[in-house]
Amino acid sequence: MDGRLEPMARDVAALLKARGETIAVSESSTGGLVSAALLAVPGASAYFLGGGVVYTGVSRRVILTL
């Protein structure tokens, strides 16, 4: 994972925890990088609900139209 994402992920995690909020993500060109950054922060289960990666045009058409 890109080390530049770690401080941002920690900040987002801290805000979500402080507000009692959660997050779920849907990624495409990031290929799961956003999820990986958020999950690298200890205690992610307190705020991270889950995510999905729909990378190709075919997967977007098939999965996102269900």
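# Notebook: contacts, core and charges

I began with the contact statistics and found that, among contacts in the chain between residues at least 6 apart in sequence, 67% join residues at least 24 apart. I note here that the model is a predicted one, and that every value below is computed from it.

Next I looked up the secondary structure. The chain has three helices and two strands, and when I read along the sequence the pattern came out as α-β-α-β-α. For the overall extent I took the principal axes, along which the C-alpha trace spans about 35 × 25 × 15 Å. The accessible surface of the chain comes to about 4,400 Å², and 61% of that belongs to carbon and sulfur atoms. Of the 66 residues, 24% count as buried.

I then turned to the nonpolar core. Which residues make up the largest nonpolar core? I listed 10 residues for it, namely Ala-9, Ala-13, Leu-16, Val-25, Ala-37, Leu-38, Val-41, Ala-44, Tyr-47 and Phe-48. The elements that give two or more residues to this core are helix H1, residues 5-19, and helix H2, and the largest share, three residues, comes from H1. As background I wrote down that nonpolar side chains in soluble globular proteins tend to be buried together.

Val-25, a member of that core, was my next entry. Leaving out residues up to four places away in sequence, I found that Val-25 touches Val-34, Ser-35, Leu-38, Phe-48, Gly-50, Gly-51 and Gly-52; two of these partners, Leu-38 and Phe-48, are themselves listed in the core.

From Val-25 I followed the contact to Ser-35, which lies in helix H2 (residues 33-39). Is Ser-35 buried or exposed? I noted a relative accessible area of 11%, and because buried means under 20%, Ser-35 counts as buried. With residues up to four places away in sequence not counted, Ser-35 touches Val-25, Glu-27 and Phe-48.

Gly-52, another partner of Val-25, has its place in strand S2, residues 48-53. At 29% relative accessibility I entered Gly-52 as partly exposed. Beyond the four-place window in sequence, Gly-52 touches Val-25, Ser-26 and Glu-27. I also checked one long separation: Gly-52 and Ala-14 are 38 residues apart in sequence, and their C-alpha atoms are 22 Å apart in space.

I looked at Leu-5 in helix H1 as well. Leu-5 has a relative accessible area of 23% and is therefore partly exposed, given that buried means under 20% and exposed over 50%. Leaving aside neighbours within four places in sequence, Leu-5 is in contact with Leu-33 and Ala-37, and Ala-37 appears in the core list. The C-alpha atoms of Leu-5 and Val-25, which are 20 residues apart along the chain, are separated by 16 Å.

I closed with the charges. The mean positions of the 6 positive and 5 negative charges of the chain are 6 Å apart. How many salt bridges did the count come to? The count comes to one salt bridge, in which the side chains of Arg-19 and Glu-21 meet at 3.9 Å, N to O. I recorded Arg-19 as exposed, with a relative accessible area of 55%, whereas Glu-21, at 37% relative accessibility, counts as partly exposed. In general terms, side chains of opposite charge can pair when their charged atoms come close.

Conventions: Residues numbered from 1 in each chain as written. Predicted model: local features only at pLDDT ≥ 70, side-chain atom pairs only at ≥ 80, totals over all residues. Heavy atoms only, no water. Helix = DSSP H or I, 4+ residues; strand = E, 2+ residues; numbered from the N terminus. Buried < 20%, exposed > 50% of the residue type's maximum accessible area, 1.4 Å probe, protein only. Contact = heavy atoms within 4.5 Å. Core = buried A, V, L, I, M, F, W, Y, C linked by side-chain atoms within 4.5 Å. Areas by Shrake-Rupley, 256 points an atom, 1.4 Å probe, with all protein chains shown as cover. Lys, Arg positive; Asp, Glu negative; His and termini not counted. Charge placed at Lys NZ, Arg CZ, Asp CG, Glu CD. Salt bridge = Lys/Arg side-chain N within 4 Å of Asp/Glu carboxyl O.
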